[in-house]
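Got your viewer open? Load the model, pick a cartoon view, and keep the selection box handy.

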Amino acid sequence: MTTTTPPVSVGDEMPTVHVEITRADLRRYAEASGDHNPIHLRDEAARELGLPGVVAHGMLTSALAIGEVARWAGGADRVLATSIRFAGPVVVPADGPAVLVVSGTVRKVAEDGASADVAMTVTCDGAKVFGKAIVTVAVGS
């Protein structure tokens, strides 16, 4: 179901959202995706590769962040395109969740006003998760 979103302007900001990722989420994602890479499931495997511990799957991390932009835009069917470059891993501790801090700012609106590019900022523990993250969303009716 497509929802109508109000027109947006360059500089408009979506509310900042905190998204938790737990080790249980990683196990469920591994089962659903078939990605059982041990760096997402076992600390010792992650440390052997120089990581500080278990890290979240990149596709899970990006899907959760894009989902927040989609929610702001009126639904998943409003997402037209994405472009993301990863800057750092999301380390998921054994004793609690990793918390993604997701925000976004409209950087460009199409001349016809039908779409907008939202630049996402995503951090975890104060470190950048994405270096560049643009989500193009349909706006207006």
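What follows is a walk from the whole chain down to a helix, a few strands and a ring pair.

**The whole chain**

Before selecting anything, keep in mind that this is a predicted model. Start with everything shown: the protein chain has three helices and six strands. Trace the chain from the N terminus and the elements come in the order β-α-α-α-β-β-β-β-β. Along the principal axes, the C-alpha atoms fill a box of roughly 50 × 30 × 20 Å.

Now colour by accessibility. Of the 141 residues, 38% count as buried. The accessible surface comes to about 7,600 Å², and carbon and sulfur atoms account for 53% of that. If you draw a contact map, look off the diagonal: among contacts between residues at least 6 apart in sequence, 66% join residues at least 24 apart.

**Helix α1**

Select residues 23–33, which make up helix α1. Which of its residues are buried? They are R23, L26 and A30. Turn the view to look down the axis of α1: those buried residues fall within an arc of 50 degrees, so they line one face of the helix. Add β1 (13–21), α2 (43–48) and α3 (58–73) to the selection, and you have the elements that the buried residues of α1 pack against.

Flip to the face turned away from the buried side, where you'll find the exposed residues R28, E31 and A32. Then step just past the end of α1 to G34, which takes a positive phi of about 80 degrees.

**Strands around β6**

Next, select 130–138 for strand β6 and 79–86 for strand β2. These two pair in the antiparallel sense over seven bridges. For a landmark, zoom in on V79, which stands opposite V137 in β6.

Bring in strand β4, residues 115–124, which also pairs with β6 in the antiparallel sense, over five bridges. Here V137 turns up again, as the bridge partner of A116.

**The ring pair**

Last stop: show F86 and F130 as sticks. How are their ring planes arranged? The ring centres lie 5.3 Å apart and the planes meet at 75 degrees; over 60 counts as edge-to-face, so this pair gets that label. The count for the model is one aromatic pair.

The two rings come from distant parts of the chain, with F86 in β2 and F130 in β6, 44 residues apart. Check their accessibility as well: F86 is partly exposed at 46% relative accessibility, whereas F130 is buried at 3%.

Key
Residues are numbered from 1 along each chain as its sequence is written. This is a predicted model: local features need pLDDT of at least 70, side-chain atom pairs count only at pLDDT 80 or more; totals for chains, interfaces and linings use all residues. Side-chain values use heavy atoms; hydrogens and water are left out. Rings of Phe, Tyr and Trp (its six-membered ring) pair if their centres lie within 6.5 Å; planes under 30 degrees apart count as stacked, over 60 as edge-to-face and the rest as tilted. Helices (H or I, at least four residues) and strands (E, at least two) are DSSP runs, numbered from the N terminus. Buried means under 20% relative accessible area, exposed over 50%, partly exposed in between (1.4 Å probe, protein chains only). Two strands pair if DSSP finds at least two bridges between them. The arc is that of the directions from the helix axis to the C-beta atoms. Contact means heavy atoms within 4.5 Å. Accessible areas come from the Shrake-Rupley method with a 1.4 Å probe; for residues, only the protein chains shown count as cover.
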